[in-house]
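Me: Hello! I am new to this one, so could you walk me through it in questions and answers?

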Amino acid sequence: MHGKKTFQKSVILENVTIGSIKLSDVNANVFQHVAPCNVPTLVLGRVFLKRYHAIIDLSQKKLYLDYKKLSQFAMNKIQNTLLRQQSRAVPLLSLGSGSMVIPVQINHFTPVLFLFDTGTGVTLLSQAYAKIQHLKQAHNTKEILITKLIMNPLNLSFQPKVSLSKISAQPVNLTMLRKYLYVQGIFGLSDMIKAHTIIFLNEGVVYLRSH
């Protein structure tokens, strides 16, 4: 994990403990330079998170895991609490590749798909898309200021639209993602924290607040 030795492409971890979850003989892929300062880091994959019914509270920096799925009664109680806190549900669409996307509408343009990936620090926007829509960069910066971004503009699953305002997006080359996933951007962790996002991975929904 420090990048100082040559490893096989994958290794077997004899024991892994994450909270109350205890695992043995875990097959893990090896990457170099995952974290700064050569800190040994274990990256939890989507398969693991789904298997243990992960709920991720980004603003509180908490990860909830369990061996069994939430009951419908428990889920209803959580939903009612979140609704009282002005949080609204936005459905996650799962692609065949396993990637999760959300339809969005930027300003008044036709809705497009954004990849929901909290591994990205800031929101990223396709350079090609920004050029087509004549989106301009903020003064003396490389960032593009999105005046209004509406999540779930098509009211999928009969859920309401959620508006996020003043999103700063970094224009980047997303040619490969546009080609294979048909996405025009990637949601950044910083914007999702601001929206008090809570991710219910197995339920395929995120709750967040308009701002």
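Reply: Gladly, with a term to start: contact, or touching, means heavy atoms within 4.5 Å. This is a predicted model, where local features need pLDDT of at least 70 and side-chain atom pairs count only at pLDDT 80 or more, while totals for chains, interfaces and linings use all residues. Residues are numbered from 1 along each chain as its sequence is written, and side-chain values use heavy atoms, with hydrogens and water left out.

Me: How many residues does the largest nonpolar core have?

Reply: Such a core is a set of buried Ala, Val, Leu, Ile, Met, Phe, Trp, Tyr and Cys residues joined through side-chain atoms within 4.5 Å. Buried means under 20% relative accessible area, exposed over 50% and partly exposed in between, with a 1.4 Å probe and protein chains only. I102 and F187 are among the residues with the most contacts inside the largest core, and its size is 40 residues.

Me: Which residue of strand β12 does I102 touch, and which aromatic partner does that residue have?

Reply: Leaving out residues up to four places away in sequence, I102 touches F187, among others. Rings of Phe, Tyr and Trp (its six-membered ring) pair if their centres lie within 6.5 Å; planes under 30 degrees apart count as stacked, over 60 as edge-to-face and the rest as tilted. F187 forms a tilted pair at 5.2 Å centre to centre, with 50° between the planes, and its partner is F114.

Me: Why does this pair tie together parts that are apart in sequence?

Reply: Strands (E, at least two residues) and helices (H or I, at least four) are DSSP runs, numbered from the N terminus. F114 lies in β8 and F187 in β12, so the pair links parts 73 residues apart in sequence. F187 is buried at 2%, and F114 is buried with a relative accessible area of 0%.

Me: What is the order of strands in the open sheet of five?

Reply: Two strands pair if DSSP finds at least two bridges between them. Here the pairing is antiparallel, and β3 and β13, for example, share three bridges. The edge strands, β4 and β5, each pair on one side only. The order is β4-β3-β13-β14-β5.

Me: What angle does helix α2 make with β13?

Reply: Axes are lines fitted to C-alpha atoms, for helices over the stretch in contact, and angles run from 0 to 180 degrees between N-to-C directions. Helix α2 (residues 72–84) packs on the sheet, touching β5, β13 and β14, and its direction makes with that of β13 an angle of about 155°.
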